[in-house]
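Hi,

Here is the structure I promised to pass on. Have a look at it first, and then read on for what turned up.

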Amino acid sequence: MKSFGSFIKYARNRCGLTQDKVAEKLNIVTPVLSRWENDKALPSLDLVCKLCNLLNVSIEECIAAEISDADRVLPPQVYSPRVLGATIKNLRIKNSWAQVEVGQKLFVTSQTVSKWEGGGVASLEVLGKLAELYCVSPTLLLTGIDGVVPAKRSLDKVAKKPEKLALKITALLLSIVIILGAACGLAAGLILKSKSGSVTPPDKTDEPEDVVTSVFISPLKQYYSFQSFAYDPLDDHYYSGLSFIADVGTEIYAVADGVIIRNGASQNEVVIQHNGGLTSRYFYLDEIGLEDGSAVKAGQVIGTISTAYAPFENALLHLKMSLNGEEVAPSDYIAELTDGEG
């Protein structure tokens, strides 16, 4: 085997699976899998993990592009970018390296290293380089390394951990007693004031709803086809998003309740502002005439798949999300989709 594509094709045939069957299991279209096997594109890490579990191969075998005689350990079924980011950050700290040092070793900027540690490792190639740098297996990076202790932490500090824990518990209990006492005094004061008619109920209408409690759905009634990650060193910005391949005219839904703040501004684009500073952007769709300021509900139709961008046999919708102006991975919010469910 000389390439990732030829390897997964071999592994698929070894399992007696057709391209259509594998594509169905991964919730992608067959042309996408065909592009992987012909080395015209590479899957994102979350799809690589699913592919490994489906074809019974390890991440290490995928990187080497050959079957190994070693005991096979499969990667996690569900890829967690946060676990991987935290693991490589802990390993860097353990080695007493700054982000700029890691960048120099891997010929990238320190900003890129920072994005990786924030959960932005998107490719199998980067995962392999990080595993080689830290002298651990790629699978271990994906599953997380228990007991990683920063190198600057001395043994005597570790030995004093129980003592410090006891002090912290004592301080916490004391704080609780003080807070309870203050709360009782405040309650008594409010009762006395309420009897004199001087108390006004607090206004909570301005408190923003927590984004985590919002309902997020897929913008299409299908799982996303692939993820995309890119770092632009010129403006120090990190881009991520999900792409959905579907028939032209397929209905597109708002991922959560919100208000349209820019409709059809460019590239057949619709932008929705949600509670808690979250914004969702939908590219390459034909909008249906909703005006700026229009309120929309989760699951409400906001447009249809357009012919504006069709790199494959069908057309494509691209979804980006940001939180308070900072790009976030949409898969963190809608990664729990199941077949055919929105």
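Let me start with helix α4, where the buried residues are L45, D46, L47, V48, C49, L51, C52, N53 and L55. That is 9 of the 11 residues in α4, so the helix is mostly covered, taking buried to mean under 20% relative accessible area. Just past the end of α4, N56 has a positive phi of about 60°. Do keep in mind throughout that this is a predicted model.

For the overall picture, the protein has 342 residues, and 38% of them are buried. Its secondary structure amounts to 13 helices and 11 strands. If you take the contacts between residues at least 6 apart in sequence, 65% of them link residues at least 24 apart. The accessible surface is about 18800 Å², and carbon and sulfur atoms account for 55% of that.

Back to the N-terminal helices, with α2 next. This helix spans residues 19-26, and its buried residues are V22, A23 and L26. Looking down the axis of α2, those buried residues fall within an arc of 100°, so they line one face of the helix. D20, E24 and K25 sit on the other side of α2 and are exposed. What lies over the buried residues of α2? The cover includes α1 (4-14), α3 (30-37) and α4 (45-55). So α4 turns up again here, as part of the cover over α2, with contact meaning heavy atoms within 4.5 Å. Right after α2 comes N27, with a positive phi of about 60°.

One residue of α3 caught my eye, namely E37. Is E37 buried or exposed? Its relative accessible area is 7%, and E37 therefore counts as buried, the cut-off being under 20%. As for its company, once neighbours within four places in sequence are set aside, E37 is in contact with G5, S6, I8, K9, R12 and Q19.

Further along the chain, S68 belongs to the loop between α5 (59-64) and α6 (81-94). S68 has a relative accessible area of 34%, which makes this serine partly exposed. From S68 to S58 is 10 residues along the chain, and their C-alpha atoms are 8.9 Å apart.

Now for a helix pair you may want to pull up on screen: α7 (residues 99-106) and α8 (residues 110-120). Their axes are 8 Å apart, and the two helices pack at an angle of about 105°. An angle of 65 to 115 degrees counts as roughly perpendicular, and α7 and α8 are therefore roughly perpendicular to each other. Which residues meet there? From α7 they are Q99, V100, V102, G103 and L106, and from α8 they are S110, V113, S114, W116 and E117. Sorted by class, this contact of α7 with α8 has 5 nonpolar, 4 polar and 1 charged residues.

Q99, in helix α7, deserves a few words of its own. With a relative accessible area of 24%, Q99 is partly exposed. Not counting residues up to four places away in sequence, Q99 touches R92, S110, V113, S114 and E117. Take the pair Q99 and E117: they are 18 residues apart in sequence, and 9.5 Å separate them from C-alpha to C-alpha.

The loop between α7 and α8 holds F107. This residue is not a glycine, yet F107 has a positive phi of about 60°. How accessible is F107? Its relative accessibility is 78%, so F107 counts as exposed, the cut-off being over 50%.

There is a similar entry for C135, which also has a positive phi, here of about 55°, although C135 is not a glycine. You will find C135 in the loop between α9 (124-134) and α10 (138-143). C135 counts as exposed too, at 71% relative accessibility.

If you are going to check backbone angles, the residues to look up include N27, N56, F107 and C135.

Cheers

Technical notes:
Residues are numbered from 1 along each chain as its sequence is written. This is a predicted model: local features need pLDDT of at least 70, side-chain atom pairs count only at pLDDT 80 or more; totals for chains, interfaces and linings use all residues. Side-chain values use heavy atoms; hydrogens and water are left out. Buried means under 20% relative accessible area, exposed over 50%, partly exposed in between (1.4 Å probe, protein chains only). Helices (H or I, at least four residues) and strands (E, at least two) are DSSP runs, numbered from the N terminus. The arc is that of the directions from the helix axis to the C-beta atoms. Accessible areas come from the Shrake-Rupley method with a 1.4 Å probe; for residues, only the protein chains shown count as cover. Axes are lines fitted to C-alpha atoms, for helices over the stretch in contact, and angles run from 0 to 180 degrees between N-to-C directions. Angles under 35 degrees count as roughly parallel, over 145 as roughly antiparallel, 65 to 115 as roughly perpendicular and the rest as oblique. Ala, Val, Leu, Ile, Met, Phe, Trp, Tyr, Cys and Pro count as nonpolar, Asp, Glu, Lys and Arg as charged, and the others, Gly among them, as polar.
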